[in-house]
Amino acid sequence: MVVLSSPGIGAEIAISVDKTAQRMTVSVDGEERYSWPVSTGMADYATPTGAFTPSRLVKQHYSREWDNAPMPYSIFFTDAGHAIHGSHATSRLGSPASHGCIRLSPGNARILFNLVMAEGPDNTRIVITGVDPIGTALRGGYGAGRDYSRLTSFDPLTDGIMAGGSATRQRREIPGRP
């Protein structure tokens, strides 16, 4: 573990994470240097939005909360334990897949970790924006590639298990709908 207290003499590092795009950009002194796919929190495990400063850096961390899962090159940014870190689940990068952390490929996590170490955590700002994408869990998995458009006009009284029931039920006419 690295204790963070360094004078502010390094370059300014801006780490920007867009949860909607599942992408991180890293700028040094205002010039974009890197752009990488990430995985942020999946359903029920939100990645916080806002502006943060790294609170500690750990080269090889293991999650006590998630079965000692390896978290190489961790840059912690909340008191709740959220971090930017490497992950071997690289096939999931570009879609929400974490328990709230921001995952990178191990090589990109190493580059970022070394950059923050060299320039100083006090010179690093992490800004997380965007919303958690809806429906991205289906990307490539069960249900992917299917047409769900008819579900938006589904009427259980005429199309579902309630069709053909009691004579007292009547279909409501909705303007603009056949």
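**Exercise 1. Confidence of the model**

Task: State the mean pLDDT of the protein chain and the share of its residues that reach 70 or more.

Solution: The term comes first: pLDDT is the predictor's confidence in each residue, from 0 to 100. The mean pLDDT of the protein chain is 79, and 68% of its residues reach 70 or more. Next come two stretches with a pLDDT below 50. Residues 158-163 are one of them, and beyond near neighbours in sequence this stretch has twelve contacts in the model, where contact means heavy atoms within 4.5 Å. Residues 165-171 also have a pLDDT below 50, with seven contacts beyond near neighbours in sequence.

This is a predicted model, in which local features need pLDDT of at least 70 and side-chain atom pairs count only at pLDDT 80 or more, while totals for chains, interfaces and linings use all residues. Residues are numbered from 1 along each chain as its sequence is written, and side-chain values use heavy atoms, with hydrogens and water left out.

**Exercise 2. The partners of β1**

Task: Find which strands β1 pairs with, and in which sense.

Solution: Strands (E, at least two residues) and helices (H or I, at least four residues) are DSSP runs, numbered from the N terminus. Two strands pair if DSSP finds at least two bridges between them. Strands of a sheet pair through backbone hydrogen bonds, either parallel or antiparallel.

Step 1. β1 and β2 run antiparallel and are joined by six bridges. A14 has S27 in β2 as its bridge partner. Four residues lie between the strands of this hairpin, and Q22 takes a positive phi near 55° there.

Step 2. β1 and β9 run parallel, again with six bridges. Here V17 is opposite I128 in β9.

Step 3. The covered face of β1 holds I13, I15 and V17, and the uncovered face holds A14, S16 and D18.

**Exercise 3. The open sheet**

Task: Give the strand order of the open sheet and explain why β5 and β8 each have one side without a neighbour.

Solution: Step 1. The order is β5-β6-β7-β8, with mixed pairing.

Step 2. β5 (56-62) and β8 stand at the edges with a single partner strand each, so one side of each has no neighbour in the sheet.

Step 3. β5 and β6 pair antiparallel over six bridges, and Q60 has P72 in β6 as its bridge partner. β6 and β7 (residues 83-86) are also antiparallel, over two bridges. I75 is opposite I84 in β7, and F76 is opposite A83.

Step 4. Six of the seven residues of β6 are buried (under 20% relative accessible area, 1.4 Å probe, protein chains only), so β6 is largely enclosed by the rest of the structure.

**Exercise 4. The nonpolar cores**

Task: Which residues of the largest nonpolar core touch the most other members, and which element gives the most residues?

Solution: Step 1. A nonpolar core is a set of buried Ala, Val, Leu, Ile, Met, Phe, Trp, Tyr and Cys residues joined through side-chain atoms within 4.5 Å.

Step 2. The largest core has 24 residues, and I15, M24, I84 and L112 touch the most other members. Elements that each supply at least two residues include β1 (13-18), β2 (23-28) and α1 (106-119). α1 gives the most, with five residues.

Step 3. Beyond its neighbours within four places in sequence, the contacts of I15 include M24, I84, L112 and V116.

Step 4. A separate second core has five residues, among them V58, M71, A83 and C101.

Key: Buried < 20%, exposed > 50% of the residue type's maximum accessible area, 1.4 Å probe, protein only.
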